Structures are given as structure tokens and as C-alpha cells.
Amino acid sequence: MILTIDVGNTRIKGAVFEEDKALECFVFPKDEIQKNIKIILKKYKKITHLVVASVGSVEKQLFLDFEKVLEVWFVSHEDSFPFINGYATPKTLGIDRMVLAAGATLQFRGQNRLIIDAGTCVTYDFVDHNDVYLGGAISPGLRLRYEALHHYTEKLPLLNATDPIHFIGKSTAESIHSGIVNGLAHEINGFVDEYSAQYSNFIIILTGGDTDFLAKRLKNTIFANSNFLLESLNQIFQYKIKND
Ligand SMILES: Nc1ncnc2c1ncn2[C@@H]1O[C@H](COP(=O)(O)OP(=O)(O)O)[C@@H](O)[C@H]1O
Ligand SMILES: CC(C)(COP(=O)(O)O)[C@@H](O)C(=O)NCCC(=O)O
Ligand SMILES: [K+]
């Protein structure tokens with residue numbers, strides 16, 4: 001049994017896995033990580049490993065303190081991954097993107113795969129049917145777009161993401177919602193169209209904190225799974241155990 005933890009730029013998420021089964025998922029408040037991990041370890045006494053992927057700004061030591069009671073594995077660029085990395089700057093590729101690519105490679109064998117992670121940033125990652133990671137794209141995430149409009153203007157309020165009522169925004173709030181929500185949906189659909197022009201077949205996985213909000217706006221068939229990164233951490237852990 002393992003506890004996987006995903007440290008993103010907005011939230012820290014975790015899940016307990018027993019083999020392929022997720023037993024429980026969590027979101028950790030940033031200032032109470034150790035306290036929360038202790039509660040989880042008390043509840044799930046069979047946990048032997050802590051598996052962490054971090055692109056956020058949490059001190060490593062917070063996790064390393066648990067080395068007294070279990071094994072702690074930070075997934076890093078030095079680990080072996082089940083794909084061939086075609087990125088020109090592999091050392092600067094986000095470890096979260098590598099884990100997503102690994103999960104897609106292991107879970108969808110022999111297919112072209114596009115993984116879209118709608119978190120702080122929206123990341124696009126493509127792994128082809130030969131298991132070559134080709135790269136993708138990074139753009140501002142949904143919340144970041146709302147915050148950027150507010151932060152860098154004098155007059156725009158900070159709003160919460162809301163489904164636009166009208167395509168043609170009839171007020172400041174409606175205009176912002178239409179611009180951001182319709183804009184992001186068009187972006188994602190546009191990216192998918194571009195990939196479709198090059199690849200006749202590929203599967204699409206949508207994940208991240210905005211999965212459910214965005215899924216209904218996408219015109220293509222997708223696997224919407226907000227826990228895909230945590231599941232991928234479990235998969236890459238099993239891959240490591242088999243290959244070590
Ligand atoms: N409780 C929440 N707190 C912050 N963001 C949330 C929350 N629920 C949903 N979101 C959405 O999730 C996105 C962040 O997704 P997440 O996957 O947690 O990011 P990251 O992995 O980069 O930390 C934001 O764009 C926001 O709209
Ligand atoms: C692009 C990211 C900031 C996304 O982070 P997230 O939205 O998951 O918090 C992260 O994957 C990262 O720091 N990447 C490094 C640059 C790269 O992947 O090329
Ligand atoms: K992301």
C-alpha cells in the first residue's frame with residue numbers, strides 16, 4: 001500500500017493505493033501537510049511508501065521526515081520512465097508532465113495519447129504509439145486567467161469561474177466569463193483539431209482541478225479523470241518496482 005502525493009503550483013493532492021485500487025483521495029492544506037500525512041498513516045497502517053511528484057514550492061524535508069517510518073521516493077528526472085523522451089530540454093520538463101506521460105504510456109499501450117492537465121497551467125503532452133514523448137504546450141490555467149485579468153488591469157474585478165450565460169457578454173462580468181471560459185474551451189478544441197490534422201487516431205485524457213468544469217465544453221471524446229496524475233504515480237511506482 002502506498003501514499004502518492006502531487007505537489008502542484010496551486011494545490012497538494014494525495015491518494016492511497018492498494019495495488020491498482022485508489023482507496024481514498026485527499027487535498028492537503030499547504031501548512032498542514034505533515035499533520036495530514038500522519039492522520040493518513042494512522043488510518044492506513046499498511047502504507048510502506050510515500051511517492052511524491054513536485055513542481056510546487058514545498059520543502060522536500062517535510063516529506064523526508066517520514067523516512068523514519070517508511071520509504072520516501074521523490075520522482076525525479078534521473079528515474080527511468082517507460083517512454084523515450086524527445087523533449088529538447090529534458091531536464092527542464094516538468095516532473096508532473098513526465099508522470100502524466102508515463103501513466104498514459106503504461107495505461108494506453110501502443111496508442112497515440114494526448115494528455116491535457118488543466119491545473120494552474122494547462123499543459124498538453126503528446127506520446128506517440130511508439131512511446132516517444134514529443135512535447136506539447138503550456139498555457140495559463142483557468143484560475144490564472146481570472147487572476148491575471150484582475151491583477152494587470154485597473155478596472156477588472158476578480159471573479160470565480162462561472163459558465164457564461166451568453167456567448168456575447170452583456171456586462172463586464174459576462175464579458176470576462178465569456179472571454180476566459182469560451183476562450184479556454186476554444187483553445188483546447190483548437191489544439192485537439194491541430195493534433196487531429198497530424199494524427200488520425202489518438203486518445204485524449206483530461207485531468208487537473210478544472211477537469212469537470214471543462215469536460216462538458218469539449219467537443220471530442222475524452223477520458224475525463226481528475227485523479228490521472230495520482231493514478232500515474234501509482235503506475236510509475238509499480239513500473240519502478242518491476243524494473244529495479
Ligand atoms: N478548491 C480549489 N482551490 C483552488 N483551485 C481549485 C479548487 N477547486 C478547483 N480548482 C481549480 O483547479 C485549478 C487548479 O488545479 P490543480 O490541479 O489543483 O492545480 P495544480 O496541480 O497546478 O496545483 C484552478 O484553475 C481552479 O480553477
Ligand atoms: C508547466 C508547469 C508549471 C505546470 O504546473 P502545474 O500547472 O501542474 O502546477 C510544470 O509542469 C513545470 O514547471 N514545467 C517546467 C517546464 C516544462 O515542462 O517544460
Ligand atoms: K498542469
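In which loop does Gly8 lie? This report on a predicted model begins with that residue and then turns to the two ligands and the annotated positions.

## Gly8 and Thr10

Gly8 is found in the loop that runs between strand 1 (2-7) and strand 2 (12-18). Because 22 other C-beta atoms lie within 10 Å, Gly8 counts as buried. Leaving out residues up to four places away in sequence, Gly8 touches Val55, Gly56, Asp96, Gly119 and Thr120.

Thr10 also has its place in the loop between strand 1 and strand 2. With 15 other C-beta atoms within 10 Å, Thr10 is partly exposed. Residues up to four places away in sequence aside, Thr10 touches Gly119, Thr120, Arg143 and Gly209.

## Surroundings of ligand 1

Around ligand 1 there are 13 residues, of which Gly8, Gly119, Thr120, Arg143 and Gly209 come nearest. By class, this shell comprises two nonpolar, eight polar and three charged residues. Ligand 1 lies between domain 1 (2-74) and domain 2 (96-226), because both domains give residues to its shell.

## Surroundings of ligand 2

Ligand 2 has 15 residues around it, and those that come nearest are Asn9, Gly94, Gly119, Thr120 and Cys121. Helix 3 (95-107) and strand 8 (121-127) are the elements that give two or more residues to this shell. Four residues of the shell are nonpolar, eight are polar and three are charged. Domain 1 (2-74) and domain 2 (96-226) both contribute to the shell around ligand 2, so this ligand lies between them.

## Annotated binding sites

An unreviewed UniProt entry assigns the feature "binding site" to Asp6, Val7, Gly8, Asn9, Thr10, Arg11, Ile12, Lys13 and Thr120. These positions are spread over 115 residues of sequence, yet they cluster in space, with a largest C-alpha distance of 13.3 Å.

The UniProt feature "binding site" (unreviewed entry) is also placed at Tyr87, Gly94, Ile95, Asp96, Arg97 and Thr172. That set covers 86 residues of sequence and is also spread in space, with up to 40.9 Å between C-alpha atoms.

## Gly94 and Asp96

Gly94 belongs to the loop between strand 6 (84-85) and helix 3. Gly94 is partly exposed, because 18 other C-beta atoms lie within 10 Å.

Asp96 is located in helix 3. With 26 other C-beta atoms within 10 Å, Asp96 is buried. Apart from neighbours within four places in sequence, Asp96 is in contact with Asp6, Gly8, Ala53, Val55 and Leu229.

How values were computed: Residues are numbered from 1 along each chain as its sequence is written. Chains are lettered from A and ligands numbered from 1 in the order in which they are written. This is a predicted model: local features need pLDDT of at least 70, side-chain atom pairs count only at pLDDT 80 or more; totals for chains, interfaces and linings use all residues. A residue is near a molecule or strand if its C-beta atom, placed from the backbone, lies within 6 Å of it. Ala, Val, Leu, Ile, Met, Phe, Trp, Tyr, Cys and Pro count as nonpolar, Asp, Glu, Lys and Arg as charged, and the others, Gly among them, as polar. Domain bounds come from an automatic or database domain assignment. Helices (H or I, at least four residues) and strands (E, at least two) are DSSP runs, numbered from the N terminus. UniProt positions are given in the numbering used here, feature names are shortened, and annotations may be inferred rather than shown by experiment. A residue is buried if 20 or more other C-beta atoms lie within 10 Å of its own, exposed if 12 or fewer, and partly exposed in between; C-beta atoms are placed from the backbone. Two residues are in contact if their C-beta atoms, placed from the backbone, lie within 7 Å.
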